[in-house]
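Biologist: I've got a model open on my screen and would like to walk through it with you. Can I fire off some questions?

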Amino acid sequence: MYLFRNVKQFSAILSIFAIFLSAGMEVFASASPVFAADGYEATADWDESSDSASVLTYGMTPISAAYIQDGEYTVPVVSSSSYFRIKSALLRVADGTMEAEFHFDSLSYSYIYPGSPAEAASAAMDAYIPCEDTGTDTTFTLSIDALNAPIPCAAFSKKNEKWYGRMLLIDASSLPQDALRIPLPDYKIIEDALESAGYEPQTLLQNAAAAASANTAVDAETPGSQTNDTSRSTSGSASAADSDSTVGSASAPDSLSASGSDSAVVSDSASNTDAAYDPAAASINLDDGKYSIAADMSGGSGRASISSPMLLTVHNGKAYATLLWSSRYYDYMIVNGRTYYNESEEGAPSSFTIPILSMDEPFDVIADTTAMDKPVEITYTLTFYRDSVGSKGMIPQEAAKRVLAVAAVIIIIGGILNHFVQKKRNP
């Protein structure tokens, strides 16, 4: 007995089987993971794509395609690297989108990736943008979200076979005046005003860039691991969270709070002057009020840090400190057996106001982090220095508030001056 009546029937069965096999292979291929491009895994030690301050001018506001007339414009480009100088770019604006065709002389790079070197090293080959040799220069094209905003990219070196981070920027003021739907301020006026007031625009930009980087970093603590004591700091460098980005969201609140009915409360309000406080807090010979104090911290993996100097609140002769962490993943601290909860808004670096148990002598505290799969309590050792006590104005966040306030006034004045200058030029 034959399984198939004839060759024709057998061929039909084979054809159907081939169709199902082909469909199955396509499904399997679409479900397969995307692997990084082989041979493009190396990155350079220094990543200039993180240095937005090197290309920005103080006072710049991002300009999207909505504020630019459709068309093509040849524009200069600012680069963070002298090894990646862009001759010019052809900016194309159409239907609310922008792209730029960048031109440079170097033949040293083979691919560009619209992101960091680390991202490029783990991306698939089809995500790379080839550098095309036109015979007169090398070109590549990137989508642009906004002018006056840093454009991070990674360039793959043919010689070194590594990804190098770069930062590019197209200045909106380089466009023809009729290409913009809105007037732009004169940045030179703003910078001159800041400098005359004693502020360095580039430093302000660097602080802002560092703040943005700190707020996107995820702190993963490893329980049980130990690190050496951090160096004592009175300049705010002990924490990446020390910056004007934390003003308003992670600044110290006016009250101290702890779990339990005997919670400590310190407030500027007269009605709370007789409120209970933690009797374990160290005594300090200062008038009630707010000051700054420096501290060291050790313990944990060493990746998390606290701002120093920090806010010191004196209430009824007792000392309390407001710790601002570099991580937003701490939800409570335990000090002398009492629990203190995070005072910051959601998404901002964690902040706790706790009693200082001793001056110039280390004491242990526990902080609970939610950065890992499960919450983990980690023991840290804090040391506060009595001779470092200074004015509240020494706290980085307070200094940032003053700088921002002054800068805001100067920018407004600069904008007014620029308006009259432009009006005089174009009566």
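Biologist: What is the strand order in the open sheet of five strands?

Modeller: Bear in mind that this is a predicted model. The pairing in this sheet is antiparallel. Reading across, the order is S2-S4-S5-S9-S8.

Biologist: Which strands stand at the edges there?

Modeller: An edge strand here has a single partner strand, so one side of it is left without a neighbour in the sheet. That applies to S2 and strand S8 (132–133).

Biologist: And in S4, which residue is the bridge partner of Tyr73?

Modeller: S2 and S4 pair in the antiparallel sense, with five bridges between them. For Tyr73, the bridge partner in S4 is Leu91.

Biologist: Which strand gives the largest share of the largest nonpolar core?

Modeller: That core has 38 residues, and Phe84, Leu91, Phe102, Phe140 and Leu147 touch the most other members. Several strands give two or more residues to this core, including strand S4 (88–94), strand S5 (97–104) and strand S9 (138–143). The largest share is four residues, and it comes from S5.

Biologist: How many residues are in the other core, the one that lies apart?

Modeller: Met297, Val314, Met359 and Phe363 are among its members. As a general point, nonpolar side chains tend to be buried together in soluble globular proteins. This other core, apart from the largest one, has 30 residues.

Biologist: Back to Phe102: which Leu residues does Phe102 touch, leaving out residues up to four places away in sequence?

Modeller: Among the residues Phe102 touches are Val77, Ile86, Phe140 and Ile151. Ser88 and Thr138 are also in contact with Phe102. As for Leu, the contacts include Leu142 and Leu168.

Biologist: Is Gly165 buried or exposed?

Modeller: Gly165 belongs to strand S11, and its C-alpha is 4.5 Å from that of Ala154, although the two are 11 residues apart in sequence. The relative accessibility of Gly165 is 0%, and the cut-off is under 20%, so Gly165 counts as buried.

Biologist: Now the open sheet of four strands: by what angle are neighbouring strands turned against each other on average?

Modeller: The order in this sheet is S12-S14-S15-S18, with antiparallel pairing. Strand S12 (289–293) and strand S18 (351–355) stand at the edges, so each has one side without a neighbour in the sheet. With direction ignored, neighbouring strands are turned on average by 30°.

Biologist: Which residue in S15 stands opposite Thr313?

Modeller: Strand S14 (residues 310–315) and strand S15 (residues 318–324) are joined over five bridges in the antiparallel sense. Opposite Thr313, in S15, stands Tyr320.

Biologist: Lys318 caught my eye. Which residue's side chain is joined to the side chain of Lys318 by a polar contact of 3.4 Å?

Modeller: Lys318 lies in strand S15. With a relative accessible area of 14%, Lys318 falls under the 20% cut-off, so this residue is buried. A polar atom of the Lys318 side chain lies 3.1 Å from the backbone oxygen of Ala281. The side-chain partner at 3.4 Å is Ser283.

Biologist: Last one: which residue shares a side-chain polar contact of 3.5 Å with Tyr340?

Modeller: Tyr340 sits in strand S17 (residues 338–341) and is buried, with a relative accessible area of 2%. Phe352 is 12 residues away from Tyr340 in sequence, and their C-alpha atoms are 6.7 Å apart. The side chain that makes the 3.5 Å polar contact with Tyr340 is that of Arg338.

Terms used: Residues are numbered from 1 along each chain as its sequence is written. This is a predicted model: local features need pLDDT of at least 70, side-chain atom pairs count only at pLDDT 80 or more; totals for chains, interfaces and linings use all residues. Side-chain values use heavy atoms; hydrogens and water are left out. A nonpolar core is a set of buried Ala, Val, Leu, Ile, Met, Phe, Trp, Tyr and Cys residues joined through side-chain atoms within 4.5 Å. Buried means under 20% relative accessible area, exposed over 50%, partly exposed in between (1.4 Å probe, protein chains only). Contact means heavy atoms within 4.5 Å. Two strands pair if DSSP finds at least two bridges between them. Axes are lines fitted to C-alpha atoms, for helices over the stretch in contact, and angles run from 0 to 180 degrees between N-to-C directions. A polar contact is a pair of N or O atoms within 3.5 Å; within protein, one must be able to donate a hydrogen and the other to accept it, and residues adjacent in sequence count only if both atoms are side-chain atoms.
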